[in-house]
Amino acid sequence: MKSNKFYIIVVFFALSLCSIVAQTSKSKYLLVISYDGFRWDYPEKVETPTFDSVQANGARVMQCQPCFPSKTFPNHYSMATGLYPDNHGIVLNSFYSKELKAEYRISNRKAVTDGRFYGGEPIWVAAEKQGVKSATLFWVGCEAEIKGVRPSYYYKYSSRLKYNNRLDTLKKWINLPYTERPKLIMMYFEQPDKYGHQYGPNSNEVKKQISYIDSFTKKVFQTISNSSIADSIDIIITSDHGMSELNIKRIVNIADYVKLKDVKSWYGNNPVFMFTAKKNREEKLYQQLLTIPHSTTWKKDSIPNRLNFGKNSCIGQFVVVADSSWSIYIKNVGYIGGTHGYDNSNKDMQAIFYAIGPSFKKGITVNKMRNIDMYPLLAKILNLKIDKIDGDISPLIPLIKE
Ligand code: AMP
Ligand code: ZN
Ligand code: ZN
């Protein structure tokens with residue numbers, strides 16, 4: 001009897017091991033890394049052996065176009081949802097929602113973690129709903145419950161968390177037991193955006209930061225190659241926007257042209273703002289905004305179609321954006337080295353996109369994509385069904401192995 005029981009246990013163990021092996025060999029993992037403000041041409045500024053090797057052994061899209069406005073929150077959430085900011089609702093880093101009667105600000109923990117602000121279906125939500133575990137480290141929106149769902153693993157945002165600690169988190173996730181291991185991992189890093197703002201995109205500080213990021217990325221690859229999923233993980237390295245060089249000779253104070261007493265509310269920072277006028281002062285404010293030099297002002301409903309911006313109810317009555325490399329400000333000039341937020345066709349605003357792994361061809365380069373086109377690619381790799389979105393996988397098809 002005893003030996004029979006032992007036999008059954010061994011057979012059961014062998015069978016479950018077979019099924020785990022079968023699942024493991026079929027399973028695909030996906031890691032998406034975003035280095036904030038990594039302009040499309042930064043890898044050409046210094047030696048970047050890791051990025052070069054990803055390009056040689058994988059795929060690169062030379063310019064990944066952000067959505068307008070080319071700011072961090074709208075764009076990370078566009079990458080996560082495949083939707084224009086107009087359609088997902090995070091229209092700027094700060095805004096007012098009339099429907100929710102609440103303000104959204106990236107520094108406001110209550111707002112950032114409030115799922116009601118976030119439209120669309122982030123890829124981690126699509127994954128979790130379809131039984132695919134996800135893990136996110138600081139990706140915009142990942143701390144909020146969206147459509148009733150949160151990633152299986154996520155952390156409270158802390159810009160102070162050291163990159164090596166973030167790497168330890170990745171190591172922990174990819175080495176979890178099979179049934180607990182996330183298949184989708186999304187990670188966010190603040191640099192080189194921070195130094196781009198402080199010192200400008202052409203500074204030595206940014207160059208050093210690019211070298212550092214390149215060597216950090218090498219450590220990411222080493223960590224993965226020491227794990228059991230080394231051969232079954234695709235890795236995408238991208239960014240939300242680029243960076244434009246500023247100059248103290250190219251600064252305009254909006255308050256020199258606009259009477260702030262006519263303004264009910266304004267949101268934004270250099271170089272893009274949204275304004276709403278006090279009652280019956282719309283036309284007056286509009287005429288004043290039009291006089292701000294080195295900038296363009298649109299009424300919300302007459303923003304050019306190519307910017308796909310102006311329908312969402314969280315957008316102010318008027319949108320003002322500075323000309324390339326010009327600074328506009330209210331009260332506080334902010335960073336003087338560099339900034340972003342300009343027209344998304346501005347070359348300086350374009351970001352990086354690299355991809356390597358079993359799904360991707362070796363040594364293939366494509367010229368352009370929009371960052372919203374990444375979403376259907378992520379869904380394809382993870383075999384997820386997705387809703388109708390604004391992005392389109394077509395520009396990325398040449399990168400993918402049949
Ligand atoms: P921007 O003004 O567009 O350059 O915004 C960049 C800032 O967004 C960075 O300094 C980050 O600290 C902040 N940030 C990025 N992701 C998050 C997040 N998930 N939660 C809170 N703040 C974030
Ligand atoms: Zn950013
Ligand atoms: Zn920034």
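Start with the lining of the largest pocket in this predicted model. Select its residues and colour them by class: 19 are nonpolar, 17 polar and 11 charged. The pocket holds about 1,400 Å³ of space. Of the 47 residues that line the pocket, Asn93, Ile106, Tyr157, Asp193 and Tyr335 are the closest to its centre.

Next, switch to a cartoon view and pick out the elements that contribute to this lining. At least two residues each come from α3, α5 (109-112), α7 (163-174), α8, α9 (204-225) and β11 (263-269).

Now display ligand 1. Which pocket does ligand 1 take up? The space it fills is the largest pocket. Two elements give two or more residues to the shell around ligand 1, namely α3 (72-81) and α8 (193-199).

Select the shell itself. The residues around ligand 1 are Asp36, Lys71, Thr72, Phe73, Asn93, Ile106, Phe138, Tyr157, Tyr188, Asp193, His197 and His340. Coloured by class, they come out as 5 nonpolar, 4 polar and 3 charged residues.

Then zoom in on three side chains and check the distances from oxygen atoms of ligand 1 to their N or O atoms.

- Thr72: an oxygen atom of ligand 1 is 2.6 Å from an N or O atom of this side chain.
- Asn93: here the distance from a ligand 1 oxygen atom to a side-chain N or O atom is 2.9 Å.
- His340: a side-chain N or O atom is 3.0 Å from an oxygen atom of ligand 1.

Finally, show the protein surface around the ligand. On its own, ligand 1 has 500 Å² of accessible area, and the protein covers 83% of that.

Definitions and conventions. Residues are numbered from 1 along each chain as its sequence is written. Chains are lettered from A and ligands numbered from 1 in the order in which they are written. This is a predicted model: local features need pLDDT of at least 70, side-chain atom pairs count only at pLDDT 80 or more; totals for chains, interfaces and linings use all residues. Side-chain values use heavy atoms; hydrogens and water are left out. A residue is near a molecule or strand if one of its heavy atoms lies within 4 Å of it. A polar contact is a pair of N or O atoms within 3.5 Å; within protein, one must be able to donate a hydrogen and the other to accept it, and residues adjacent in sequence count only if both atoms are side-chain atoms. Accessible areas come from the Shrake-Rupley method with a 1.4 Å probe; for residues, only the protein chains shown count as cover. On a 1 Å grid over the protein atoms alone, a cavity is a set of points where a 1.4 Å probe fits but cannot get out, and a pocket is an open set with protein on both sides within 12 Å along at least five of seven lines; lining residues have an atom within 4 Å of a point. A molecule sits in a cavity or pocket if more than half of its atoms lie within 2 Å of its grid points. Helices (H or I, at least four residues) and strands (E, at least two) are DSSP runs, numbered from the N terminus. Ala, Val, Leu, Ile, Met, Phe, Trp, Tyr, Cys and Pro count as nonpolar, Asp, Glu, Lys and Arg as charged, and the others, Gly among them, as polar. Grid points are joined across faces, edges and corners, and a volume is the space filled by probe spheres set on the points.
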